[in-house]
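Student: I have not looked at this structure before. Can you take me through it step by step?

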Amino acid sequence: MIRNLSFSAALSEGLVQAMDRDKSIFVTGIGVDYATGVFGTTREAFNKFGKARVFESPAMENAITGICIGAAASGSRPLLVHYRNDFLLLGLDQLMNLSAKWNYMYGGNAPAAPIVVRAIIGRGWGQGATHSQSLQSVLAHFPGVAVVMPTFPEDAKGLLLSAFESNSPVVILEHRSLFDLLGNVPIEPTKTPIGKAKVIRQGTDVSIVASSIMVLEALAAAEYLSKFDIDVEVIDLISIRPLDESTILTSVIKTGRLIVADTSWVSFGVASEVTAIVTEKAFSYLKCSPIRIGLPDCPAPVAKVLEDAFYPTAIDIIDSVRIMLKRDDITLDFKLSEDTFKGPY
Amino acid sequence: MLKIRLTEDFISEKYHEQQMRTAVHLGTGQEAIPVGICSALIALDAVYTQHRSHNHFLASGGSVFSLFAELHGSKFGSSGGRGGSVHLTHSNSLFFASTAILGQSVSLAVGSALTFKLRKQRNVGVTFFGDAVWEEGVIYESLNFASIHSLPVVFVCENNGYSTESSLASRKSKNSNFKSRAESFGIESFEVDGNDVLKIASLAEPLLQDIRENPRPLYIEAKTYRLREHVGPNFDHEVGRKFRTKEEFLLWQEKDPIKRCRQKLLKYFSDAFLDQVSLDLSNEIRAEFFRASNAKKPEPSELFMNAGET
């Protein structure tokens, strides 16, 4: 049965279903047992399973990551939640120097010790430089850790369910601006495979490969461009590592044009990696240079006028298509959806 | 204890042949601590240590062959030739792993203890670490968490007075001591002569027995001395290093845990008998070494084995 659920309700449902089926799962991190339960995503699990399985950790991002790995080595299935992915940097030693390498550097002879890490990406409302970064390319640089970014509620639930069955660590990066997004979600525990992208909208003129909230911007741009008889294909990456090269290449071979829209910095980022792969493997199919859309090279500002200048939107995507197709008739009178968020985050 | 010593001595003897292409941090002189503590362990306990890992690997039940094979980069090594000296593991009755970044092993043991407590399992997590771990933030986070949740974990500090070539005096304020730091988290803490295997074992045995029934963390600090260089097969004074003196080395050589243990054993066994035991062990170790040095290496096509995500 499929119902309409919000992104956060889908996460909560997925967690409860996973914990019901797998008694070895526990949840920790700052504030997981609060009444608000990480924007409504852990509260139901706390109510149902109690403090033995949903317990907060002090502010100790480094050790708690190692504790989760040790707990996993002895048979638990830990879920570690960070209210912001920026805090995860404090645990990067454990995650990258140990967890990502665990299966490899012990030659497969140590029992697998996979952990699931949920970490939230902030954006706007004056959160500034250290509460609104988007760390997927930092994390995905290291072999051994899966990095996924759900856009739609069904995948938020489905990826969490898949992550709990993984034999290596999985980091789920969830965009805070998506938590109220509604979508169809099966009531059954339906998994979204890690490592598979989805073609969200079919098209023949240009491929837009996007991550997380940029998928919504790409869909808005595609809708607008259809008025100009431009047929845009939109791919939701879903999984950053492993990256689904074949879905990307199949699309670009069809359209001959590539725009990559990512939530993080363009430099050394996901947009650059996808562009490099397409350029290496499908160069002869490209009709024009790819375009990368993402953050410019500065930290996130606070002032609203600067935030507006900093974050790319559907308008940047529309403008990129206009340049690519040399369609000066495309006007940029696109109206952005109103930001109804009242804050604070 | 003697088997560990002879194994590492043999590594030192053969290291210059360049067949063991991995950095070795030998624990010569520090064997009594893991041997004493591990005598109190049972099946399914979890033991973690850091880069100076051979002592703990062997004391907790790892085989001499799989250590030698790992040092030779064999696919039959403890970690299939992917880990080297500092990333050893075995699951012979209990679980053992070593990690090479200071402090990781401390949080891992707390994690295993968390699982044991959640499952009401009678097991304990044990972490062996050097004094320099007290300079890392992770130990304070780990002690705090273990204390809050009353987790059955034993923090064993092997205080050998040196971090690479830096003495404790340059790394710790005079008025501070490690034991009281652990106590400040409400953790029962003990100091013990790290070169006296019987004292360590008799301290550990009842304590570990007790925390299996009444879960809580313990801190045990064992003062000891690293006889060889930080990394490699030599003695510092023999290769011209001046950060510590030969006199200091000789003083500690007198307190060698194996020498002291032998003195005690002489009450019960003859010199000749103990020599024979030593000789038999040496022969056994030599045979394992040659078996390991000829053991099959991984194929280049196996580069990506266990490398993927999910």
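**A walk through two chains**

Student: Before the details, what share of the contacts in chain B with a separation of 6 or more comes from residues 24 or more positions apart?
Tutor: Keep in mind that this is a predicted model. In chain B, take the contacts with a separation of 6 or more. The share of them that joins residues 24 or more positions apart is 76%.

Student: What does the secondary structure of chain B come to?
Tutor: Chain B has both helices and strands. The count is eleven helices and nine strands.

Student: Which radius of gyration does chain B have, and what does the globule rule give for 310 residues?
Tutor: The C-alpha atoms of chain B fill a box of roughly 55 × 50 × 40 Å along the principal axes. Of its 310 residues, 47% count as buried. The radius of gyration is close to what the globule rule gives, so chain B is as compact as a globular protein of that length. Both values are 19 Å.

Student: Which strands stand at the edges of the open sheet in chain B?
Tutor: The sheet has seven strands with mixed pairing, in the order 2-3-1-4-5-9-8. An edge strand here has a single partner strand, so one side of it is left without a neighbour in the sheet. The edges are strand 2 (89-90) and strand 8 (188-193) of chain B.

Student: Which residue of strand 4 of chain B stands opposite B:Val47?
Tutor: Strand 1 (residues 46-49) and strand 4 (residues 125-130) of chain B run parallel. Three bridges join them. Opposite B:Val47, in strand 4 of chain B, stands B:Val126.

Student: Now to where the chains meet. Which helix of chain A gives the most to the side that touches chain B?
Tutor: In all, 41 residues of chain A are in contact with 37 residues of chain B. The elements of chain A that give two or more residues to this side are helix 4 (61-73), helix 5 (92-98) and helix 6 (102-105). The side divides into 21 nonpolar, 18 polar and two charged residues. With nine residues, the one that gives the most is helix 4 of chain A.

Student: How many of the 14 residues of helix 9 of chain A are buried?
Tutor: Helix 9 (residues 213-226) of chain A reaches 20 Å from its first C-alpha to its last, close to the 20 Å expected. Its buried residues include A:Ile213, A:Leu219 and A:Tyr224. Strand 6 (170-175), strand 12 (258-265) and helix 13 (314-324) of chain A are among the elements that cover them. The helix is mostly covered, and its buried residues number eleven.

Student: What arc do the buried residues of helix 13 of chain A cover around the axis?
Tutor: The buried residues are A:Ala314, A:Ile317, A:Ile318, A:Ser320, A:Val321 and A:Met324. They lie on the same side of helix 13 of chain A, because their arc is only 160°. They pack against strand 9, helix 9, strand 12 and strand 13 (291-295) of chain A. To repeat the arc: 160°.

Student: Is A:Ile172 buried or exposed?
Tutor: A:Ile172 has its place in strand 6 of chain A. Beyond its neighbours within four places in sequence, its contacts include A:Val116, A:Val148 and A:Leu160. A residue is buried if 20 or more other C-beta atoms lie within 10 Å of its own. A:Ile172 has 25 of them, so it counts as buried.

Student: Which bond of chain A is cis, with omega near 0°?
Tutor: Most peptide bonds are trans. The exception asked about leads to A:Pro242, in the loop between strand 11 (239-241) and helix 10 (245-255) of chain A. The cis bond runs from A:Arg241 to A:Pro242.

Student: What is phi of A:Trp125 near?
Tutor: Most residues other than glycine have a negative phi. A:Trp125 is found in the loop between strand 4 (116-121) and helix 7 (136-140) of chain A. With 19 C-beta neighbours inside 10 Å, A:Trp125 counts as partly exposed. Its phi is positive, near 50°.

Student: And in chain B, what is the positive phi of B:Ser150?
Tutor: B:Ser150 has its place in the loop between helix 6 (137-148) and strand 5 (153-159) of chain B. It counts as partly exposed, with 15 C-beta neighbours inside 10 Å. B:Ser150 is not a glycine, yet its phi is about 45°.

Notes. Residues are numbered from 1 along each chain as its sequence is written. Chains are lettered from A and ligands numbered from 1 in the order in which they are written. This is a predicted model: local features need pLDDT of at least 70, side-chain atom pairs count only at pLDDT 80 or more; totals for chains, interfaces and linings use all residues. Helices (H or I, at least four residues) and strands (E, at least two) are DSSP runs, numbered from the N terminus. The radius of gyration is taken over C-alpha atoms; the globule rule is 2.2 Å times the number of residues to the power 0.38. A residue is buried if 20 or more other C-beta atoms lie within 10 Å of its own, exposed if 12 or fewer, and partly exposed in between; C-beta atoms are placed from the backbone. Two residues are in contact if their C-beta atoms, placed from the backbone, lie within 7 Å. The expected span of a helix is 1.5 Å times one less than its number of residues. Ala, Val, Leu, Ile, Met, Phe, Trp, Tyr, Cys and Pro count as nonpolar, Asp, Glu, Lys and Arg as charged, and the others, Gly among them, as polar. The arc is that of the directions from the helix axis to the C-beta atoms. Two strands pair if DSSP finds at least two bridges between them.
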